[in-house]
Amino acid sequence: MSVSPRRALLVIDVQNEYITGNLLIEHPPVENSLQNIGIAMDAARAAGIPVIVVQHDAPKDSPLFAQGSDAWQLHSTVAQRPADHRINKKMASAFTDTDLAQWLADKSIDTLTVVGYMTHNCDAATIYHASHDGLNVEFLGDASGSPSYRNSAGSASAEEIHRVFSTVFHSSFAAVATTRDWIAAVNEGRKIERDNIYLSNQRTKTGA
């Protein structure tokens, strides 16, 4: 008999910097991901799933997330909703130098659902960290997002970054789902299955 997941919803860095500041989320469209983040938070509340809100802190002279600035503030989508726990972090992973791991252990959480920004940075670092610590991880791809990048190593569109990281997550580290499908799984008390590296690779050869 399968046991229902003991979930917590982790809302990462939904701050004004990504919506009106210097690091705009481009894909999926930020208005869509914000809406889905709010929907996920409301669904978690209704289902008795604890909600953890994370906020990134940078020095006051930083070009991004300068502590105390308007860009550093949580976006109203998250700020106006209740949270069971709040974390301020200075590194990409929400686990580094915070009480997140202990808080989850104290609540006997075995499944961490990740939403927020950015897919490839703080979401990724947190997903890898959680997976390595033995947690089941879920990632809501339509409640997250990325900007585009260009540097001396190359360039990538926001769509490419978000899609590639989501594909990699689902191959091993986190079950990737839509907010709608996640809510259905929550209501049914079931786990969302991730794929595996072998099959993810083999499908590229077979076309399946």
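Six strands make up an open sheet in this predicted model, and read across the sheet their order is S3-S2-S1-S4-S5-S8, with parallel pairing. Strand S3, residues 85–89, and strand S8, residues 175–177, stand at the edges and have a single partner strand each, so one side of each is left without a neighbour in the sheet. Neighbouring strands are turned against each other by 25 degrees on average, if direction is ignored.

At the edge formed by S8, it helps to look at how this strand is held to its partner. Strand S5, which covers residues 136–145, runs parallel to S8 and is joined to S8 by three bridges; within this pairing, Glu138 stands opposite Ala175 of S8.

Helices can now be added to the picture. Helix H4, residues 119–132, packs on the sheet and touches strand S1 (7–12), S3, strand S4 (111–117) and S5, while its direction makes about 170 degrees with that of S5. Helix H6, residues 179–188, lies across S1, S4, S5 and S8, and runs at about 145 degrees to S5.

H4 also packs against another helix, H5, which spans residues 158–173; the angle between H4 and H5 is about 5 degrees, and their axes are 11 Å apart. Because angles under 35 degrees count as roughly parallel, H4 is described as roughly parallel to H5. On the side of H4, the contact is made by Thr119, His120, Ala124, Ile127, Tyr128, Ser131 and His132, and on the side of H5 by Ile161, His162, Phe165, Ser166, Val168, Phe169 and Phe173. Sorted by class, this contact of H4 with H5 has eight nonpolar and six polar residues, but no charged ones.

The remaining step is to ask where space is left between the atoms. Rolling a probe the size of a water molecule over the atoms shows where empty space remains. The count comes to one cavity of 30 Å³ or more, and the largest cavity holds about 60 Å³ of space. Its lining includes Glu138 and Ala175, together with residues such as Pro5, Arg7 and Lys191, and S5 gives the most to this lining, with three residues. By class, the lining of the largest cavity has four nonpolar, two polar and four charged residues.

The largest pocket, in turn, contains about 170 Å³ of space, and among the residues that line the pocket are Pro5, Arg6, Arg7, Gly48, Ile109 and Val186. The lining of the largest pocket divides into six nonpolar, three polar and two charged residues.

How values were computed. Residues are numbered from 1 along each chain as its sequence is written. This is a predicted model: local features need pLDDT of at least 70, side-chain atom pairs count only at pLDDT 80 or more; totals for chains, interfaces and linings use all residues. Side-chain values use heavy atoms; hydrogens and water are left out. On a 1 Å grid over the protein atoms alone, a cavity is a set of points where a 1.4 Å probe fits but cannot get out, and a pocket is an open set with protein on both sides within 12 Å along at least five of seven lines; lining residues have an atom within 4 Å of a point. Grid points are joined across faces, edges and corners, and a volume is the space filled by probe spheres set on the points. Ala, Val, Leu, Ile, Met, Phe, Trp, Tyr, Cys and Pro count as nonpolar, Asp, Glu, Lys and Arg as charged, and the others, Gly among them, as polar. Two strands pair if DSSP finds at least two bridges between them. Helices (H or I, at least four residues) and strands (E, at least two) are DSSP runs, numbered from the N terminus. Axes are lines fitted to C-alpha atoms, for helices over the stretch in contact, and angles run from 0 to 180 degrees between N-to-C directions. Contact means heavy atoms within 4.5 Å. Angles under 35 degrees count as roughly parallel, over 145 as roughly antiparallel, 65 to 115 as roughly perpendicular and the rest as oblique.
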